[in-house]
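Please open the model in the viewer and show the side chains. This tour goes through aromatic pairs and then nonpolar cores.

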Amino acid sequence: MTGTIFDIKHFAIHDGQGIRQTIFFKGCPLTCWWCHNPESQSIKPEKFTRVNKLDNKEFLKKVTIGYQVSVEELFKTISGDKIFFEESNGGVTFSGGEPLMQSEFLFEIAQACKQNGIHTCLDTTGFAPEKTIQEIAGVIDCFLFDIKLIDNEFHKKYTGVSVDGILRNLKWLDKNHKNVILRFPVIPGITNTEKNLNDIKAFIATLKNTHHIDLLPFHTISKSKYKRFNKEYKMGDTPALSDDDLLLLKTKFESTGMKVSIGG
Ligand code: SF4
């Protein structure tokens with residue numbers, strides 16, 4: 001069996017516990033306005049021209065984002081870092097894009113890791129059929145689960161999909177004592193509004209076993225990627241968040257009893 005990925009990051013430290021190897025799956029059913037990885041959204045490999053500069057001369061290079069890899073090849077790459085995982089209580093993190101878009105491939109590779117004692121994290125939007133989430137929960141040690149907008153109409157407007165199934169899946173994981181760390185992308189004027197913050201806090205209060213949230217700040221460094229990939233950038237001149245704004249938000253979430261980290 002093969003899957004399509006677009007990057008592998010070794011020695012990652014923000015995608016779960018310990019030292020991790022992060023595998024970026026290509027393809028995402030959402031189209032978030034603020035997406036920092038627009039090259040991850042299409043499941044198909046995409047070509048673009050990279051401009052390299054040397055001694056004031058420009059060199060153009062055609063690059064393809066995304067490639068096919070088999071379960072066996074990928075497992076070999078993941079196992080290469082096993083010694084670092086063991087030393088640091090780390091492991092592998094499946095990220096994207098949305099790995100659940102390739103759920104059969106994800107299941108196979110996560111199962112191979114589990115069977116060989118490698119800790120598995122899934123960084124997910126939670127947008128998948130209930131059956132898929134429930135099956136994958138058997139081979140995932142920790143879910144890094146996005147929580148963006150609670151209002152369904154806003155969720156559809158800013159991400160392109162309904163939030164109802166996402167919240168149902170999150171509740172199922174929580175009810176079944178799965179290890180979940182919430183991830184809240186802090187997007188000025190979209191997710192970081194008084195109403196959405198209150199809605200999120202009210203939703204979190206209904207969870208019984210989920211006590212940790214990461215705040216992921218909006219930044220503007222991906223703006224140029226949209227031009228390169230010929231995609232529309234909808235965030236206009238929205239500025240990055242200040243450290244003060246983030247600290248204030250951290251305090252607000254801490255007041256609900258949650259453990260709060262900035263940046264994962
Ligand atoms: S869920 Fe993540 S990868 Fe998918 S569009 Fe949104 S920000 Fe991008």
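Rings of Phe, Tyr and Trp (its six-membered ring) are taken as a pair if their centres lie within 6.5 Å. In this predicted model, a search of the whole structure returns 8 aromatic pairs.

Select F25 and F105 to begin. Their ring centres are 5.7 Å apart and their planes stand at 55 degrees, so this pair is tilted. F25 belongs to strand β2 (residues 20-25) and F105 to helix α3 (residues 103-115), so that distant parts of the chain, 80 residues apart, are linked by the pair. F25 has 0% relative accessibility and counts as buried; F105, at 3%, also counts as buried.

Next, select W33 and Y158. Here the ring centres are 4.8 Å apart with the planes at 75 degrees, and the pair is therefore edge-to-face. W33 is located in the loop between β2 and β3 (46-54), whereas Y158 is in helix α5 (residues 152-159); the pair thus ties together parts that are 125 residues apart in sequence. Y158 counts as buried, at 11% relative accessibility.

Return to F25 and F105 and add F94: these three residues form one aromatic cluster.

F94 also leads to the largest nonpolar core, which has 64 residues. Select I78, F94, I147, L182, F184, I213 and F253, the residues with the most contacts inside this core. Helix α3 gives the most to the core, with 5 residues.

Now centre the view on F184. Among the residues that F184 touches are I147, L197, I200, I213, L249 and F253.

Finally, select F24, F48, I65 and F229, which are among the 6 residues of another core, lying apart from the largest one.

Definitions and conventions
Residues numbered from 1 in each chain as written. Predicted model: local features only at pLDDT ≥ 70, side-chain atom pairs only at ≥ 80, totals over all residues. Heavy atoms only, no water. Phe/Tyr/Trp six-rings, centres within 6.5 Å; stacked < 30°, edge-to-face > 60°. Helix = DSSP H or I, 4+ residues; strand = E, 2+ residues; numbered from the N terminus. Buried < 20%, exposed > 50% of the residue type's maximum accessible area, 1.4 Å probe, protein only. Core = buried A, V, L, I, M, F, W, Y, C linked by side-chain atoms within 4.5 Å. Contact = heavy atoms within 4.5 Å. Lists of a residue's contacts leave out its neighbours within four places in sequence.
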